[in-house]
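Hello,

The structure we discussed is pasted below, and my notes on it follow. Please read them with the model open.

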Amino acid sequence: MSKSLSVQFVASEWNIKIDKVIDMMNNKVFVRSTSFYLAIVLFFVLIYSIHILSWKTMTESDTKPITTQKEEAPRTPHTEAQTVTTKKATVTPKVPQNSVDCFRQNAPTLPDISSVNPKRGKSVFFHETSCISYNNGKISITARQACAVESAARLNPNLDVYLLYTSPGEIKMEGDESDLYLQALMKYDNVKIMHLDFAKYTKGTPVEELYTSKKLDNSLNSIEHASDILRYVSLWKYGGIYLDLDTITLKTLEKLKPNFASPESTSFVAAGILGFEPDGVGHQWADMCLNDLRVGFTGKDWANSSVGVITRLLRSICTTPVIPNMTEETCKGFKLYPTKDFYPVFWDKYMWMFQEEHFLDTLKLAENATATHNWNKLTRGIKINIKNVYIPYLYYAKKFCPNVLSECKEIF
Ligand SMILES: *[C@@H]1O[C@H](CO)[C@@H](O)[C@H](O)[C@H]1NC(C)=O
Ligand SMILES: *[C@@H]1O[C@H](CO)[C@@H](O)[C@H](O)[C@H]1NC(C)=O
Ligand SMILES: *[C@@H]1O[C@H](CO)[C@@H](O)[C@H](O)[C@H]1NC(C)=O
């Protein structure tokens, strides 16, 4: 058979088939049976889609919160809305990274500071005011924050060291690095990791209204401002010492004067490390700080509510307005320690703490210091690989927070 013939044959056969189908379509039996089969097919499609739908909703409510929690890095308004709508008992809805919204969320917390009586004048306070723990669904801490707490606890066995979280969240040991740091801290009898209910804590203090009126929530740096306010509240309530969470304690704090601070320049007194006695004139001074905040807090000016407060206090209690002239004699016993005692590596050299080439310079600067404040605002993004031996920050960590550092796997 030639090629053209075979093509012709197939074509004609095809024509016959089409003719048959047309014939059948005219036949009522065919029409009746088609609708019968169509009904059966539709029935199965229906059953199948119901099955798919119920499976989808089931997996959505079970697995989605876990994936949003783990995968979502930058929080956009879109993902926030999503997590809120899929909220279940086990799910933590995210709050914006720069807000204090978590303070008002009703979620499980650590035991509250109001359930204990801190030793008056014998306590050290650290405040963690971000919502990171809440967003993580449990209490979390960075290596450097944990180092601050361990170094204070180690060198001051007679002081209780409070690490207070304003965000809800409980300690859950699941083996991540943060859990190991918390575990290292909890080995110290004098470390107390607790919740701080902002409303309860500030109730009856001069700054109560800053929170109830939402002035704090609406401020430009609400997380920092929460910390600026709380340091004075803690010292007003219990006296003692406040330390920023980026400080390493290098010497005992137990011998410091009961009322102290340290200048950060010739025009400002710094607020990262402060001491007030619980009673008497120290308490009056803490009260003056809270009233300064009550009157002047706008939420717009970071410096005015932090270093501004302690600077104005000293200007008002000392007989001189000039910081270099402020002495215990001119300031009714309030002690301004030299800047090099607490801020030995000053912020214009903040990188030195992270640089091998400044290892010896840095150690020299801090050789007589009581503590070193490390300018977290500028340095929090800098990662230190723990294999680098001659990084000053690591040198101090090895010496002053060895248990935390030993849990550190790669980056400090
Ligand atoms: C800073 O605070 C003080 C007192 O709290 C207030 O009198 C002053 O107006 C404030 N300054 C600014 C620029 O907000
Ligand atoms: C500050 O102290 C210096 C040196 O003792 C003195 O000369 C100066 O007058 C003082 N300034 C004020 C405003 O008290
Ligand atoms: C530390 O103290 C010693 C002894 O008093 C002194 O010689 C040295 O200059 C001090 N170092 C610094 C950086 O202040």
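**Ligand surroundings**

Ligand 3 is surrounded by K340, L365, E367 and N368. Sorted by class, this shell has two charged residues, one polar and one nonpolar. Please keep in mind that the model is predicted.

Around ligand 1 the residues are D292, V295, G296, T298, D301, N304 and G308. Their classes come to four polar, two charged and one nonpolar. Which element gives the most to this shell? It is helix 10, residues 280-296, with three residues.

**Overall make-up**

The protein has 412 residues, of which 41% count as buried. Its secondary structure amounts to nine strands and 17 helices. Taking the contacts with a separation of 6 or more, 76% are between residues 24 or more positions apart.

**Helix 12 and the core**

Helix 12 covers residues 307-317, and its buried residues are V307, V309, I310, T311, L313 and L314. What do these buried residues pack against? The partners are three helices and two strands by name: helix 9 (222-238), helix 10 and helix 11 (302-305), together with strand 6 (260-263) and strand 7 (269-276). Helix 10 thus appears twice in these notes, as a partner of the buried residues of helix 12 and as the element that gives the most to the shell around ligand 1.

I310, one of the buried residues of helix 12, also belongs to the largest nonpolar core, which has 99 residues. Within that core, A146, V149, Y232 and I310 touch the most other members. Leaving aside neighbours within four places in sequence, I310 is in contact with A261, V269, A271, L274 and C289.

**Helices 5 and 6**

Two packed helices are described by the angle between their axes and the distance between the axes. For helix 5 (residues 143-155) and helix 6 (residues 177-186), the angle is about 0 degrees and the axes are 10 Å apart. Angles under 35 degrees count as roughly parallel, so helix 5 is roughly parallel to helix 6.

Which residues meet between helix 5 and helix 6? From helix 5 they are A143, A146, V149 and E150, and from helix 6 they are Y181, A184 and L185. By class, the residues of this contact are six nonpolar and one charged, with no polar residue. A146 and V149, which take part in the contact with helix 6, are also among the residues that touch the most other members of the largest nonpolar core.

Regards

Terms used:
Residues numbered from 1 in each chain as written. Chains lettered and ligands numbered in written order. Predicted model: local features only at pLDDT ≥ 70, side-chain atom pairs only at ≥ 80, totals over all residues. Near = placed C-beta within 6 Å. Nonpolar A, V, L, I, M, F, W, Y, C, P; charged D, E, K, R; others polar. Helix = DSSP H or I, 4+ residues; strand = E, 2+ residues; numbered from the N terminus. Buried ≥ 20, exposed ≤ 12 C-beta atoms within 10 Å, placed from the backbone. Contact = placed C-beta atoms within 7 Å. Core = buried A, V, L, I, M, F, W, Y, C linked by C-beta atoms within 7 Å. Axes fitted to C-alpha atoms, helices over the stretch in contact; angles between N-to-C directions. Parallel < 35°, antiparallel > 145°, perpendicular 65-115°, else oblique.
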